[in-house]
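Please walk through the fold of this chain. Start with its division into domains, then take the strands, the core and the unusual backbone spots.

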Amino acid sequence: MIVAVVIAILTVGSVVFHFVSPWSATEIASNWGNIDTTLSITFLVTGIVYVVVLFFTAYCVWRFRHKPGAKAEYEPENKKLEAWLIGLTTVGVIALLAPGLFVWGQYVTVPDDAAEFEVLGKQWEWAYRFPGADGLLGTSDVRHITFENPFGVNPDDPNGQDDILVEFEDLHLPLDQPVKVLLRSIDVLHDFYVPEFRAKMDMVPGLVSFFWFTPIRTGTFDILCAELCGSGHYNMRGKVIIEEAAAYQAWLAEQVTFAQSLEQAGNGKREEQRLAARSRRGPEDGSNLISRHGARAAGRGNVR
Ligand SMILES: [Cu+2]
């Protein structure tokens, strides 16, 4: 009896805790309210199953407890019960999966007016590339990666010369402008994740993954890597600043193009920027040494 009561109290207590706990999702900053709805549906379906299964367990513990002389009945099959269980489970699984499939379809169906930019993941930093005045990103390949060309932009592609490279800075994006996020990794699996955007996607070496979103409020949000990607994974963080279009354009105008970055690499200015950026990140950055070593290895053409 006492066991049944404890199970029932734990069940009710955990449901109450879910509603009164101080932890909730961060305030959303993108158009993906549908992803929150999907999560709520998942919570609802799994919550109902959780309560029903545990109350049924408590009931069975109480109802079929040991009584002197009582004998258990053996009932290997019950067609009616099995039909009900299969039917309800099917409905539950459809309710769990179908909303996610619809939202996934929206998440990767990019609207025509979306502006493109690229996120480059590498152990253990984020870098970004925007199309230049021509509106086109140049082609890229890991085979082009050198110390001077860490993005691997194809130096022979005229579309890439005016590409805007953002290597030691926070990411800026304009408010209310749909953006298509192209994701590349030059070493291992990473995952671009901004909790307030309700958006994340794996970055897989050798292919370009993508999703889209529209920022709906200004602010500064953390970029996290959501894929365990090596010893510096914990420190693979960045910031994205959502601002009005004019402020965004002013910021973009200050960034270097691919052609300019090659010049700066030649005169040592980029190395200065790199060291300054690293020292800004502070002494707790345990990945510095390894990352710098990685950059040198890339300079020797050892990164594939
Ligand atoms: Cu990572």
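The report below goes from the domains to the sheet, the core and the backbone.

## Domains

This is a predicted model. The chain is divided into two parts: domain 1 covers 2–64 + 77–107, and domain 2 covers 115–297. Their C-alpha centres lie 39 Å apart. Ten residues from domain 1 and 14 residues from domain 2 take part in the contact. On the side of domain 1 that touches domain 2, five residues are nonpolar, three are polar and two are charged.

## The five-stranded sheet

An open sheet is built from five strands in the order β4-β10-β9-β6-β7. Its pairing is mixed. Which strands stand at the edges? They are β4 (171–174) and β7 (199–203). Each has a single partner strand, so one side of each is left without a neighbour in the sheet. From one strand to the next, the twist averages 25°. Helix α4 (residues 245–254) packs on the sheet and touches β4 and β10. The direction of α4 makes about 140° with that of β4.

Now the pairings, strand by strand. β10 (residues 237–243) and β9 pair in the antiparallel sense over six bridges. Within that pair, D222 stands opposite K239 in β10. β9 (residues 219–225) also runs antiparallel to β6 (residues 190–194), and two bridges join them. The bridge partner of Y193 in β9 is L224. On to the edge: β6 and β7 run antiparallel and are joined by five bridges. Y193 stands opposite K200 in β7. Y193 thus has L224 as its partner in β9 and K200 opposite in β7.

## Strand β2 and its neighbours

β1 (residues 115–122) and β2 form a hairpin with two residues between them. The two strands run antiparallel and are joined by five bridges. V119 stands opposite Y128 in β2. β2 also pairs with β3 (residues 164–166), in the antiparallel sense over three bridges. In β3, L165 is the bridge partner of R129.

How many residues of β2 (residues 125–130) are buried? The count is six of six. In a regular strand the side chains alternate between the two faces of the sheet. Here both faces of β2 are covered. E125, A127 and R129 are buried on one side, and W126, Y128 and F130 are buried on the other. Charged side chains also appear in that list: E125 and R129 are among the buried residues.

## The nonpolar core

In soluble globular proteins, nonpolar side chains tend to be buried together. The largest nonpolar core in this model has 31 residues. V119, L120, A127, Y128, V166, V181 and V240 touch the most other members. Elements that give two or more residues to this core are β1, β2, β3, β4, β5 (179–185), β6, β8 (209–213) and β10. Which element gives the largest share? It is β2, with four residues. The core draws at least three residues from each of domain 1 and domain 2.

Y128 is one of the core residues that touch the most other members. Not counting residues up to four places away in sequence, Y128 touches F117, E118, V119, L120, V166 and L171. V119 is also the residue opposite Y128 across the β1–β2 pairing.

## Unusual backbone spots

Most residues other than glycine have a negative phi, and most peptide bonds are trans. Three places in this chain depart from those habits, and each is described below. The peptide bond from Q123 to W124 is cis, with omega near -5°. W124 is found in the loop between β1 and β2.

D176 is not a glycine, yet its phi is positive, at about 65°. This residue sits in the loop between β4 and β5. R198 also has a positive phi, near 55°, and is a residue other than glycine. R198 lies in the loop between β6 and β7. Is each of these two loop residues buried or partly exposed? D176 counts as partly exposed because it has 13 C-beta neighbours inside 10 Å. R198 has 23 C-beta neighbours inside 10 Å, so it counts as buried.

Note on methods. Residues numbered from 1 in each chain as written. Predicted model: local features only at pLDDT ≥ 70, side-chain atom pairs only at ≥ 80, totals over all residues. Pairing = 2+ DSSP bridges. Domains from an automatic or database assignment. Contact = placed C-beta atoms within 7 Å. Axes fitted to C-alpha atoms, helices over the stretch in contact; angles between N-to-C directions. Buried ≥ 20, exposed ≤ 12 C-beta atoms within 10 Å, placed from the backbone. Core = buried A, V, L, I, M, F, W, Y, C linked by C-beta atoms within 7 Å.
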